[in-house]
Amino acid sequence: MTSAPPAADPSSGPSPGSGALPFADLGASWRAVRPRPAGRHLDSAACSRQSRRVLEATALHPRHEAELGGYVAEATADDLLQQGRSVLGGLVGMAAADVAFVESAQAALVALLIGWRLPAGSRVACLPGEYAPNIAQLRAFGLRPVPLPVDGSGRADPDGVARLLADDPPRFVHLTHIGSHRGLVQPAAEVARLCRSAGVPLVVDAAQSLGHADTDVGADVVYSTSRKWLAGPRGVGVLCVRPALAAGLTPVLPEPEGEPPMRAFESGEGHVAGRVGLVLAVGEHVAAGPERVRARLAAIGRLTRERLDGVAGWRVVETVDEPSAITTLRPPDGVDVPATRARLLAEHGVVTTAIGRERAPGQLTGPVLRVSPHLDVVPEDLEALATALRELAS
Ligand SMILES: *Cc1c(COP(=O)(O)O)cnc(C)c1O
């Protein structure tokens, strides 16, 4: 078995089912720059493993705070943070001035809704399988979620979306690009084109897609989190808003003198060390080559599904070639998913997530086990999970 050369065209990668993954250099280098995992970490959709450089930079900043003073240390990090806004903006097709650091993806949505001040009762089109905490936030702001048309798999249906936008346009469309509970990649660029021609703003939840799928889709708002596929620190997120929409937002307090309007959405008190860490993490992502990362993660998803479907009666939910590294498994009859997740961790050292129906009650009919390896996964990790699932069943 030969590995693909580093600069190979993704389409020239190994044939499906061969067990080899494209861009082997990415897997090796991703692993080499991180602490050794205690077990088998197949849980990047929950929280990725940070690199040593990110860990060190995040630890060093509070030291500067102790030496220089917190606000002086923050000022010395200004240039780095501005570079970070620029690179993060680039990943979503926006500029540094359009990017605000916040505390999480949820915090980004809340900041947006506070600033937008939409009248209660405004309709927001969302996937039926929308992430339940997002629906809860929309409702908390008095907004009314209405279903975005989807096909049988839960993917946005462009014809149906076009009809909704023409006949009964919502105030905005909220699209979760990749779900937390399913590795399905929504056709975000197509939905963005439809929204743009209908004059309806599109807000994209990229918590599971930034660093994982192409997020430069032409949305008006993209928000995300640091700790998942970008492998930055916890407690940091980003809110990116195009200038035309940002101009219509009313922050609680005006932006500091001379700063771009989106700076008003950065909390004055923030996890500055975490923001510094995120900037390094996004730098590592860009250095690895976002397209190569996406191609390898998609191949990892395929391999995961091939290796796990049918093992001990567990069934993969996604189609085998869905271009994401998130795989969810439906349990065989009578098997408890949280208990399985706990035993995989305690007895086999395998980190996964049990997703309950409440996470996306509009789509899930029961709990699933989520497996979400990052670039460094090796086929033996997946074999070990398969063996563990068989052992737990016997
Ligand atoms: C994790 C996740 C969020 C929330 O991200 P936080 O940073 O924890 O607020 C939002 N949407 C989706 C789809 C997620 O997977």
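**Close-up 1. A four-stranded open sheet, with strands in the order E9-E10-E13-E12 and antiparallel pairing.** This is a predicted model, as are the views that follow. Strand E9 (315–316) and strand E12 (353–355) sit at the edges, each pairing on one side only. Zoom in on one end and you find E12 next to strand E13 (residues 368–371), the two held in antiparallel fashion over three bridges. Look there for Ala 354, which stands opposite Leu 369 of E13. Helix H11 also belongs in this view: it lies across E9, strand E10 (327–330) and E13, and runs at about 20 degrees to E10.

**Close-up 2. Where helix H10 (residues 272–288) packs on helix H11 (residues 290–308).** The two axes are 5 Å apart and cross at an angle of about 85 degrees, which means H10 is roughly perpendicular to H11. On the H10 side, the residues to pick out are His 285, Val 286 and Ala 288. They meet Pro 290, Arg 292 and Val 293 of H11. Sort the residues of this contact by character and you get four nonpolar, one polar and one charged.

**Close-up 3. Helix H1 (residues 24–32) packing against H11.** Here the axes are 10 Å apart, at an angle of about 95 degrees, so H1 also comes out roughly perpendicular to H11. H1 brings Ala 24, Asp 25, Leu 26 and Gly 27 to the contact, while H11 offers Arg 292, Val 293 and Arg 296. The tally for this contact is three nonpolar, one polar and three charged. Arg 292 and Val 293 may look familiar, since they also meet residues of H10.

**Close-up 4. A seven-stranded open sheet with mixed pairing, in the order E2-E8-E7-E6-E5-E3-E4.** Strand E2 (99–102) and strand E4 (144–147) are the edge strands; each has a single partner, so one side of each has no neighbour in the sheet. Going from one strand to the next, the twist averages 20 degrees. At the E2 end, four bridges join E2 to strand E8 (residues 237–241), and the two run antiparallel. To find your bearings in that pair, start from Val 99: its bridge partner in E8 is Cys 240.

**Close-up 5. Helices H4 and H5 lying across strands of the seven-stranded sheet.** Helix H4 (residues 78–91) lies across E2 and E8 and runs at about 110 degrees to E2. H5 lies across E2, E5, strand E6 (202–205), strand E7 (221–225) and E8. Its direction is about 145 degrees from that of E7.

**Close-up 6. The one aromatic pair that a search of the whole structure turns up.** The partners are Trp 116 and Phe 172, and their rings are stacked, at 4.6 Å centre to centre with 25 degrees between the planes. Trp 116 belongs to helix H5 (residues 105–116) and Phe 172 to strand E5 (residues 172–176), so the pair ties together parts that are 56 residues apart in sequence. Are these two residues buried or exposed? Trp 116 has 9% relative accessibility and so counts as buried. Phe 172 is at 0%, so it counts as buried as well. Follow the rest of H5 from here and you are back in the previous view, with the helix lying across strands that include E5.

Notes. Residues are numbered from 1 along each chain as its sequence is written. This is a predicted model: local features need pLDDT of at least 70, side-chain atom pairs count only at pLDDT 80 or more; totals for chains, interfaces and linings use all residues. Side-chain values use heavy atoms; hydrogens and water are left out. Axes are lines fitted to C-alpha atoms, for helices over the stretch in contact, and angles run from 0 to 180 degrees between N-to-C directions. Angles under 35 degrees count as roughly parallel, over 145 as roughly antiparallel, 65 to 115 as roughly perpendicular and the rest as oblique. Contact means heavy atoms within 4.5 Å. Ala, Val, Leu, Ile, Met, Phe, Trp, Tyr, Cys and Pro count as nonpolar, Asp, Glu, Lys and Arg as charged, and the others, Gly among them, as polar. Two strands pair if DSSP finds at least two bridges between them. Rings of Phe, Tyr and Trp (its six-membered ring) pair if their centres lie within 6.5 Å; planes under 30 degrees apart count as stacked, over 60 as edge-to-face and the rest as tilted. Buried means under 20% relative accessible area, exposed over 50%, partly exposed in between (1.4 Å probe, protein chains only).
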